[in-house]
Amino acid sequence: MELLSGRDIKVYFPIYKGLFRKVAGEVRAVDGVSFGLEKGEVLSIIGESGSGKTTLGNSVLGLYPPTSGTMTYMGEDVRKAWFTGKIQSVFQNPYSSLNPRMNVLNIVAEPIFRKEKHLNKEKLRIRVGEILETVGIEASAMFRYPHEFSGGQRQRISIARALITRPQLVILDEPVSSLDVSIRAQILNLLSSLKESFDLSYIFISHDLATVRFLSKSVLIIYRGKILESGDKKSIFENAANPYTRLLLQSARDIVITSEVPERAGESHGCPFYKRCPNGDEICTKVFPDVTVLEENHHVYCHHPFVH
Ligand SMILES: Nc1ncnc2c1ncn2[C@@H]1O[C@H](COP(=O)(O)OP(=O)(O)OP(=O)(O)O)[C@@H](O)[C@H]1O
Ligand code: SF4
Ligand SMILES: [Mg+2]
């Protein structure tokens with residue numbers, strides 16, 4: 001059974017205009033996305049800035065409940081899992097995601113305060129100390145404050161906070177993008193070993209395909225709220241069929257967003273990538289492509305894919 005499954009997930013945000021905040025349109029941040037995640041798997045969600053990655057991750061977390069679509073966790077409505085701490089997250093920026101007024105003990109313990117109110121202070125300290133040591137921070141550091149730590153150490157503290165409730169699924173939203181290149185490999189290695197020791201599954205969000213190559217099993221390529229290609233790691237890295245995936249693969253460095261990325265409201269019915277696509281033609285402006293199954297674990301949404 002899949003750990004997590006999403007079918008035709010849509011997350012739309014209203015756009016308000018004028019003094020009376022009349023609804024003037026909607027941002028289709030996630031627009032009909034389907035995915036599945038097996039237990040122990042790493043599913044990467046890749047796309048440029050504004051493509052809807054964080055919104056999709058937040059919909060799994062329950063921060064932005066889907067506007068429509070169905071999401072199940074272990075075969076049951078995902079809403080159950082939102083209240084049990086089984087799904088946790090690590091965000092991109094460890095400078096803004098850790099409350100500067102709280103010490104590490106309170107930051108890491110926060111997710112279990114609500115869940116396990118009976119836990120006494122001594123037991124809580126032991127549990128926080130243990131999880132800190134697991135992520136490579138000395139237990140004695142729990143009385144210090146975030147500003148006393150480096151970026152890499154702060155991200156380790158964020159990871160400790162995510163793991164304290166013993167989750168099964170962790171959403172990693174650009175967990176290394178804001179770190180020095182020299183630290184990134186350390187954190188990726190840590191995430192990889194924690195996955196094994198805690199029997200975790202990950203959703204790994206990134207704008208950079210190279211970062212996820214190490215950890216992922218499968219990859220979703222998303223552009224302006226729509227999946228353009230999905231597949232196992234080998235299909236995406238060795239046989240990419242969608243022109244957008246190829247563009248991402250060719251970008252050795254971070255993608256620079258151009259002004260060509262069109263506005264999101266009032267979308268056309270066609271492929272959202274057509275204004276930038278070298279293969280695009282008239283049909284692409286009018287009709288969003290149906291799925292083409294290239295292999296069992298390789299699906300592309302494109303009128304003119306590269307096929308091998
Ligand atoms: N709370 C919100 N209200 C209105 N629009 C939103 C909200 N959150 C996100 N959006 C819009 O939804 C779209 C997708 O945003 P999202 O943050 O999910 O993208 P992203 O792929 O995570 O980008 P980045 O790589 O920059 O983090 C954007 O157009 C964004 O402006
Ligand atoms: S559907 Fe058309 S515009 Fe979209 S990626 Fe394929 S060829 Fe390009
Ligand atoms: Mg984001």
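Start at ligand 2 in this predicted model. Select the ligand and show its surroundings: 14 residues surround ligand 2, and the closest of them are C271, C277, G280, C284 and C302. Now colour that shell by residue class. Nine of its residues are nonpolar and five are polar, while the shell around ligand 2 holds no charged residue.

Next, move to the eight-stranded sheet. Select the strands in the order β6-β7-β8-β3-β9-β10-β12-β11 and you will have an open sheet with mixed pairing. Its edge strands are β6 and β11 (291-295), each of which pairs on one side only. As you rotate the view, look at how the strands lie against one another: on average, neighbours in this sheet are turned by 20 degrees, direction ignored.

Stay with the sheet and pick out helix α9 (residues 243-250). Helix α9 packs on the sheet and touches β3 (42-46), β9 (218-223) and β10 (226-232). The direction of α9 makes about 105 degrees with that of β9.

Now zoom in on one edge, strand β6 (residues 87-90). Are its residues buried or exposed? Both faces are covered: I87 and S89 on one side are buried, and so are Q88 and V90 on the other. The partner of β6 is strand β7 (residues 169-173), paired in the parallel sense over four bridges. To find the register, select Q88, which stands opposite V170 in β7.

One step further in, β7 is joined to strand β8 (residues 201-206) by five bridges, and the two run parallel. Here, L172 is the residue to click on, standing opposite F204 in β8.

Carry on to strand β9 and select V219, which lies in that strand. Why does V219 count as buried? The cut-off is 20 or more other C-beta atoms within 10 Å, and V219 is buried because it has 26 C-beta neighbours inside 10 Å. Now show its contacts. Setting aside neighbours within four places in sequence, V219 is in contact with S44, I46, V212, S230, G231, K233 and I236. Try a distance label to I236: these two residues are 17 apart in sequence, and their C-alpha atoms are 7.1 Å apart in space.

The next stop is another open sheet, with four strands in the order β2-β1-β4-β5 and antiparallel pairing. At the edges stand β2 (22-37) and β5 (76-77); each has a single partner strand, so one side of each is left without a neighbour in the sheet. Between the edges, select strand β1 (residues 4-17) and strand β4 (residues 68-73), which run antiparallel and are joined by five bridges. As a landmark in this pair, R7 stands opposite T70 in β4.

This sheet has a helix packed on it as well. Select helix α1 (residues 53-61), which touches β1, β2 and β4. The direction of α1 makes about 75 degrees with that of β2.

For the last stop, select helix α3 (residues 104-115) together with helix α4 (residues 121-134). Their axes come within 10 Å and cross at roughly 95 degrees, which means that α3 is roughly perpendicular to α4. Show side chains where the helices meet: α3 contributes L105, V108 and A109, and α4 contributes L124, R125, V128, I131 and L132. Which classes of residue make up this contact? Seven are nonpolar, one is charged and none is polar.

How values were computed. Residues numbered from 1 in each chain as written. Chains lettered and ligands numbered in written order. Predicted model: local features only at pLDDT ≥ 70, side-chain atom pairs only at ≥ 80, totals over all residues. Near = placed C-beta within 6 Å. Nonpolar A, V, L, I, M, F, W, Y, C, P; charged D, E, K, R; others polar. Axes fitted to C-alpha atoms, helices over the stretch in contact; angles between N-to-C directions. Parallel < 35°, antiparallel > 145°, perpendicular 65-115°, else oblique. Contact = placed C-beta atoms within 7 Å. Buried ≥ 20, exposed ≤ 12 C-beta atoms within 10 Å, placed from the backbone. Pairing = 2+ DSSP bridges.
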